[in-house]
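Reader: I've got a structure open and I'd like to learn how to read it. Could you walk me through it?

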Amino acid sequence: MSEAALERQIRPIYDALDHGSNKSAINACNKVLKKYNNNTLVKALKALALTRSQKVEEALVLCDEILATVVTDDSTLSVMTHVLKGLARNSDMVAMFDNAFKQQPQSEELGAQTFFAHVRTGNWKSCQQVATRMHKQFQEDRYVYWAVTGAILQANDLGTPPNIRTLLYKLAHRHVTSCPTPSYMAVDRFHLHLIILQELQLWDEANTLLESDVGKSICSASLVCNETRREIWRKRGLYKDEGERAQEKIKNNDRNWLEFVSVIDAAFASVQGPDVSEEGKSECFENIAKTRDFLTKIAEIDGSNNRSASLAFLELEKNAVLHGISSDENTLVDSMENYFSQFGNKACCFEDLQPCVDLGADAKSRWISFLASQESSFATTGDLQRVINVRKLQRISLTASELSTDKELCLASTYIKEYMAGLELGSSLPVTELQPADDLAILVGHAFVSLWTMTKDESYLYNAAVVLEFALAKSRMSFQIRLLLVRIYRLLGASSLALDHYRAINIKQVQNDTLSHFILTRASTFSLSATGDLTYPSECIESSQIYVSNSQDTPDFIIRAFTSEKYSQIPEFVSFDDRLENSLQRDVVKLEHVRMRMTHEPINSDLIDMELIELKFVFDRFHHDNRDFGMLPNYQPACQPSLNDQTLMFGNSTGQGWLWYFIKIYIRAFQHASDLDDIVEEKLLIGDRPKKSPEPEVQLPLRERLAIRKPEEAAELTADELQLMEWATALSDWLEPYHNYTRPPPAVVLAEANKQNELRTGLPLRGVDLKALNGDAHANGHAKKDEEAPPVKEPPQLVAQFFEHMHARFVQLQQSQCLPSDLLHVATLTQEAFLLFAVESHRFKTASVVKIHKLGALVQFLKDVRSKAYTVLKTMSNDLLKMSEVAGSAERRKSFVESCKPITDFPRLHHDFVLSVAKNVGESRKKVLEGVSKGMVKICTNYGQ
């Protein structure tokens with residue numbers, strides 16, 4: 001067949017794949033393969049269609065056939081790249097391109113594709129080697145810098161030892177200096193050269209480059225090169241030279257803040273380091289005076305058009321006090337007063353002055369008096385902003401002796417009054433605009449949250465919710481108000497309202513990683529998955545899509561950066577990819593999804609095996625905490641915890657320690673319930689294992705790692721979560737010998753897996769030696785073992801009495817009139833313990849296992865524990881159902897409205913509006929309490945026997 005005829009037959013396959021019609025693509029491939037059964041391109045296209053159809057076993061067979069040959073044509077290589085990426089077989093993809101390049105070493109395109117394949121896997125050592133080979137083969141200068149970048153990225157990898165790191169930088173330096181084309185011919189090449197010289201501390205060579213005419217020209221035009229130059233000068237101790245250069249640039253109207261930082265650093269150059277002489281202090285004093293004069297002149301020139309010089313003046317005076325050069329804080333207060341007078345009408349004024357307000361008693365008194373003397377005017381937006389800045393600065397300056405319930409109520413009333421006055425300035429704004437008075441409403445929320453923190457009276461949270469809901473009606477796009485409402489509603493147990501506000505923020509892309517903690521931290525507390533409501537599990541899945549797109553898209557961005565020689569961008573892309581791939585929030589959400597999934601799906605071997613493997617991958621990662629807590633504004637007094645800490649549900653967040661504790665108990669429970677051991681897992685695993693963390697603890701055997709308990713990790717758990725951890729550990733210790741004794745050997749498990757695979761696909765399991773299995777595999781997998789069964793012991797007291805303890809805790813919280821979220825926390829943890837018990841006892845539900853291994857006494861003990869758990873869960877369920885009826889009642893709405901008397905004196909916050917908020921809160925509480933109650937009944941029905 002001619003090439004054109006083959007193209008006509010293949011075109012419908014591509015069209016079917018493009019339109020997502022995988023079944024049609026498979027049929028079309030089969031039709032072509034009947035005539036041309038050795039066509040690798042068609043086989044690759046069929047493998048792609050099978051992969052997208054989730055027919056992984058069949059796709060693997062085709063992949064092995066294709067990879068057994070050396071593929072060199074571009075079309076097949078391109079299709080196979082997509083197939084192997086979909087199967088997570090990156091090592092096979094790299095090997096495929098390596099073999100193709102070896103087969104055709106004269107093909108520059110194949111060489112580049114081989115290099116890019118290594119880029120996709122993050123194998124920087126191989127990248128450097130391939131690029132070096134390409135430069136020798138094709139004599140192209142850019143390949144030198146590809147090799148240099150690969151060496152630098154390998155050096156910066158966490159797993160690279162310090163001595164090897166230095167060698168790699170020296171290798172990169174040799175590559176750059178031996179390149180026929182000087183590095184200054186391109187900006188990014190020049191930047192790479194500077195980074196290498198900085199790392200190797202080759203200051204003379206760096207100085208020669210930077211002081212050359214072309215070096216000066218590049219640094220003046222490139223911000224990234226200029227930043228590297230600045231770092232080199234500082235490491236050389238040339239603060240004064242850098243300061244003089246910065247002054248010249250500022251005189252020439254350069255207002256880059258980094259130039260002002262250089263001027264300030266130059267002023268304090270003589271007092272850098274641990275040992276400061278009197279001569280150094282004297283010199284610093286003179287430098288400060290000169291710098292003060294310089295900044296004053298620039299500030300006079302700029303006026304109110306640019307605040308850089310005035311802000312630098314503030315920074316100068318603050319550093320003079322911190323370094324002990326100036327003991328008189330009055331000069332600092334003078335500069336603060338001048339700055340506020342000039343820029344108090346700007347929203348940034350508060351953030352600029354906040355680092356300076358930690359003053360001594362006399363200076364602070366003077367500063368407070370200055371703020372109190374400011375006139376409250378609402379004539380213009382600038383006047384309103386000045387009032388807002390005064391209120392913020394006054395609030396963060398409050399002392400513990402000044403804080404009281406009456407004081408906070410008075411402040412809340414003042415904030416509301418001023419907020420209502422400020423609304424008039426935004427009355428004509430479109431709905432898409434923020435109201436200029438929004439920050440006053442947020443201050444109201446701060447005051448009421450502070451009152452709740454001091455008194456634990458949830459009525460203050462009602463007041464905060466009403467005012468913030470009113471403000472949101474006027475300023476729909478205010479994400480800060482919505483985030484504060486999310487926190488308040490989670491505390492109140494109104495989880496559906498919290499989720500509605502979170503979704504209204506319209507979180508996108510990487511914000512799912514940095515902000516999803518606001519709604520998904522301990523989300524299983526509010527999950528109604530057991531009743532079939534998959535709202536929260538769906539939110540977990542949606543927020544995790546960023547990690548999928550990152551793994552697909554970011555390597556492409558890195559490849560484009562190499563292609564266009566934008567080397568300065570590559571480390572940033574690599575760091576971005578690493579931080580997302582190993583995100584702490586990603587795995588916290590993953591664990592929350594597992595906790596919710598177990599309430600909804602049947603606990604069987606498929607769920608157990610899948611989650612066991614994935615959680616073990618998570619356990620091997622080095623995590624980056626990308627969560628952004630700063631998005632929630634904080635104007636609380638310095639003597640109080642921040643607003644973020646005050647509004648955290650149960651008083652703490654889910655960090656690395658929390659994740660580790662929960663992962664350990666789940667991995668151990670799934671290990672006990674699963675027939676997979678390391679041998680079986682290795683045989684059945686499809687795709688490559690994720691890269692392990694280089695930390696020493698990760699290199700320990702898994703059994704040892706699971707037994708590690710650290711006090712700093714336990715500190716991130718609530719008392720009830722810690723009780724669950726101790727119970728789960730005791731349960732696992734008790735049942736572990738029986739699991740180990742009854743678990744079938746690897747050969748039996750693999751034989752059964754091979755049998756199931758043949759039934760599904762008609763093909764044997766790849767990578768499994770059937771002949772080796774036949775001699776060891778028993779017919780049913782439960783034959784008697786040679787060694788004696790471990791003697792059956794009674795359950796530890798902690799295991800036997802745990803559920804009664806949790807019920808007593810639940811009753812105690814009911815009597816203390818706690819928040820609904822606290823009650824739900826205890827109830828859902830008790831439910832989680834019951835599900836973990838179901839996992840741990842899953843193996844002993846099979847009658848043949850119990851009979852063969854004579855574990856009847858053990859099963860009876862398990863029945864006793866299960867019976868106690870069932871009784872407690874049913875009791876809790878009934879109590880939650882009664883509470884749900886009360887939460888949605890008219891009496892509770894009336895009580896809510898009466899609790900809002902501190903704010904109903906304001907006409908706009910009228911009875912009907914407060915009642916509408918009360919109704920929404922009541923219905924949301926009723927929904928979650930009723931849903932959790934019904935879910936517990938369903939779980940009892942499924943696993944109570």
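Reader: Let's start inside. Which helices each supply at least two residues of the lining of the largest cavity?

Author: Keep in mind that this is a predicted model. The helices you want are helix 33 (584-600), helix 44 (820-840) and helix 49 (911-943), each with at least two residues in that lining. Helix 44 gives the most, with six residues.

Reader: What volume does the largest cavity have, and which residues are the closest to its centre?

Author: Its volume comes to about 210 Å³. The lining counts 22 residues, and S524, R595, T599, T828 and Q831 are the closest to the centre.

Reader: How do the residues of that lining divide by class?

Author: For the largest cavity you get eight nonpolar, ten polar and four charged residues.

Reader: How many cavities of 30 Å³ or more does a search of the whole structure find?

Author: Four. The second largest cavity holds about 80 Å³ of space. Its lining is made by R487, R490, H517, F518, T521, R522, F629, T647, L648, M649, N652 and S653. Two elements give two or more residues to this lining: helix 26 (479-492) and helix 29 (517-520). Sorted by class, the lining of the second largest cavity has four nonpolar, five polar and three charged residues.

Reader: Now pockets. What is the volume of the second largest pocket, and which residues lie closest to its centre?

Author: The second largest pocket has about 540 Å³. Look for Q671, L702, R703, L706 and E736, which are the closest to its centre among the 25 residues of the lining.

Reader: And which elements give two or more residues to the lining of that pocket?

Author: Helix 34 (605-619), helix 36 (656-673), helix 37 (678-684), helix 38 (702-707) and helix 40 (719-742) do. Helix 40 has the largest share of that lining, six residues. As for chemistry, the lining of the second largest pocket has 13 charged residues, along with seven nonpolar and five polar ones.

Reader: Okay, on to helix packing. What describes two packed helices?

Author: The general idea is that you give the angle between the axes and the distance between the axes. Try it on helix 2 (residues 22-35) and helix 3 (residues 40-52): their axes come within 9 Å and cross at roughly 155°. Angles over 145 degrees count as roughly antiparallel, so helix 2 and helix 3 are roughly antiparallel to each other. Their crossing is left-handed.

Reader: Which residues of helix 2 and helix 3 meet?

Author: On the helix 2 side, pick out N22, A25, I26, C29, N30, V32 and L33; on the helix 3 side, V42, K43, L45, K46, A49, L50 and R52. That contact between helix 2 and helix 3 has nine nonpolar, two polar and three charged residues.

Reader: Let me have a go at another pair. At what angle do helix 17 and helix 18 pack?

Author: Helix 17 (residues 278-302) packs against helix 18 (residues 308-322) at about 160°, with the axes 8 Å apart. That angle makes helix 17 roughly antiparallel to helix 18. Helix 17 passes helix 18 in a left-handed crossing. From helix 17 the contact takes I288, T291, R292, L295, T296, I298, A299 and D302, and from helix 18 it takes A309, S310, A312, F313, L316, E317 and A320. By class, the contact of helix 17 with helix 18 has nine nonpolar, three polar and three charged residues.

Reader: One more pair, please. Are helix 11 and helix 12 roughly parallel or roughly antiparallel?

Author: Helix 11 (residues 187-200) and helix 12 (residues 203-211) have axes that come within 9 Å and cross at roughly 155°. They are therefore roughly antiparallel to each other. The crossing of helix 11 past helix 12 is left-handed. F190, H193, L194, L197 and Q198 of helix 11 meet W203, E205, A206, L209 and L210 of helix 12. Seven nonpolar, two polar and one charged residues make up the contact of helix 11 with helix 12.

Reader: Staying in helix 11, what is L200 in contact with, leaving aside its neighbours within four places in sequence?

Author: L200 sits in helix 11, and it is in contact with T166, Y169, K170 and H173 once those neighbours are set aside. Take K170: L200 and K170 are 30 residues apart in sequence, while their C-alpha atoms are 7.5 Å apart in space.

Key
Residues are numbered from 1 along each chain as its sequence is written. This is a predicted model: local features need pLDDT of at least 70, side-chain atom pairs count only at pLDDT 80 or more; totals for chains, interfaces and linings use all residues. Side-chain values use heavy atoms; hydrogens and water are left out. Axes are lines fitted to C-alpha atoms, for helices over the stretch in contact, and angles run from 0 to 180 degrees between N-to-C directions. Helices (H or I, at least four residues) and strands (E, at least two) are DSSP runs, numbered from the N terminus. Angles under 35 degrees count as roughly parallel, over 145 as roughly antiparallel, 65 to 115 as roughly perpendicular and the rest as oblique. A crossing is left-handed if the near helix is turned anticlockwise from the far one by less than a right angle, and right-handed if clockwise. Contact means heavy atoms within 4.5 Å. Ala, Val, Leu, Ile, Met, Phe, Trp, Tyr, Cys and Pro count as nonpolar, Asp, Glu, Lys and Arg as charged, and the others, Gly among them, as polar. On a 1 Å grid over the protein atoms alone, a cavity is a set of points where a 1.4 Å probe fits but cannot get out, and a pocket is an open set with protein on both sides within 12 Å along at least five of seven lines; lining residues have an atom within 4 Å of a point. Grid points are joined across faces, edges and corners, and a volume is the space filled by probe spheres set on the points.
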